[in-house]
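User: I'm new to this structure and would love a close look at one part of it. Could you walk me through the aromatic rings and their surroundings?

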Amino acid sequence: MSLSSILSADAIDSAIKDCQAQDSFCPKKFFQMCGLSKKSPQDVKKVFGILDNDGSGFIEEEELKFFLQRFSPGARVLTDKETKAFLCAADDDSDGRIGADGEEILISCVVSELG
């Protein structure tokens with residue numbers, strides 16, 4: 001399954017273009033622009049599964065760095081600052097990864113457009 005089977009390719013492209021500059025990535029704005037904030041919790045779980053590159057059930061910091069590239073292979077890597085801020089917003093138990101409870105927080109962030 002690819003992200004373009006859940007989200008519009010044009011919306012993904014627009015969201016990626018909006019955060020091309022270093023340190024310009026804002027999860028809330030990205031989720032709005034790519035259409036993820038309007039998706040159901042089930043669709044967000046599917047996206048989580050795609051972003052969990054190694055299939056561990058968690059999105060670790062190393063995977064999160066490549067968040068934009070999972071949406072578009074030519075996109076830039078998130079900066080350390082962006083990665084840490086994004087992780088902090090969704091890592092409820094401070095273990096340095098998003099999973100189980102963090103997945104629910106990520107879903108809440110997307111659906112409520114927080115983050």
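User: To start, which helix holds both Phe-67 and Phe-71, and how many residues apart are they?

Analyst: Happy to help! Phe-67 and Phe-71 both belong to helix 5, four residues apart, which is about one turn of the helix. Helices here are DSSP runs (H or I, at least four residues), and strands are runs of E of at least two, numbered from the N terminus.

A word on the background. This is a predicted model, where local features need pLDDT of at least 70 and side-chain atom pairs count only at pLDDT 80 or more, while totals for chains, interfaces and linings use all residues. Residues are numbered from 1 along each chain as its sequence is written, and side-chain values use heavy atoms, with hydrogens and water left out.

Now to the rings. A pair of aromatic rings is described by the distance of the centres and the angle of the planes. Rings of Phe, Tyr and Trp (its six-membered ring) pair if their centres lie within 6.5 Å; planes under 30 degrees apart are stacked, over 60 edge-to-face, and the rest tilted. Searching the whole structure gives nine aromatic pairs. In one of them, Phe-30 and Phe-71 meet edge-to-face, with 4.9 Å from centre to centre and 85 degrees between the planes. This pair links distant parts of the chain, as Phe-30 is in helix 2 (residues 27-34) and Phe-71 in helix 5 (residues 67-71), 41 residues apart. The pair of Phe-67 and Phe-71 is tilted, because the planes are at 55 degrees, with the ring centres 4.9 Å apart.

How accessible are these rings? Phe-67 counts as buried because its relative accessibility is 3%, and Phe-71 does too, at 8%. Buried means under 20% relative accessible area, exposed over 50%, and partly exposed in between (1.4 Å probe, protein chains only). Phe-30 is also buried.

Ring pairs join Phe-25, Phe-30, Phe-31, Phe-67, Phe-71 and Phe-86 into a cluster. Leaving aside residues up to four places away in sequence, Phe-30 touches Ala-15, Ile-16, Cys-19, Phe-25, Phe-67, Leu-68 and Phe-71, where contact means heavy atoms within 4.5 Å.

Several of these names return in the largest nonpolar core. Of its 28 residues, Phe-25, Phe-30, Phe-67, Leu-68 and Phe-71 touch the most other members. Such a core is a set of buried Ala, Val, Leu, Ile, Met, Phe, Trp, Tyr and Cys residues joined through side-chain atoms within 4.5 Å. Helix 1, helix 2, helix 3 (41-51), helix 5 and helix 6 (80-90) each give two or more residues to this core, and helix 3 provides the largest share, five residues.
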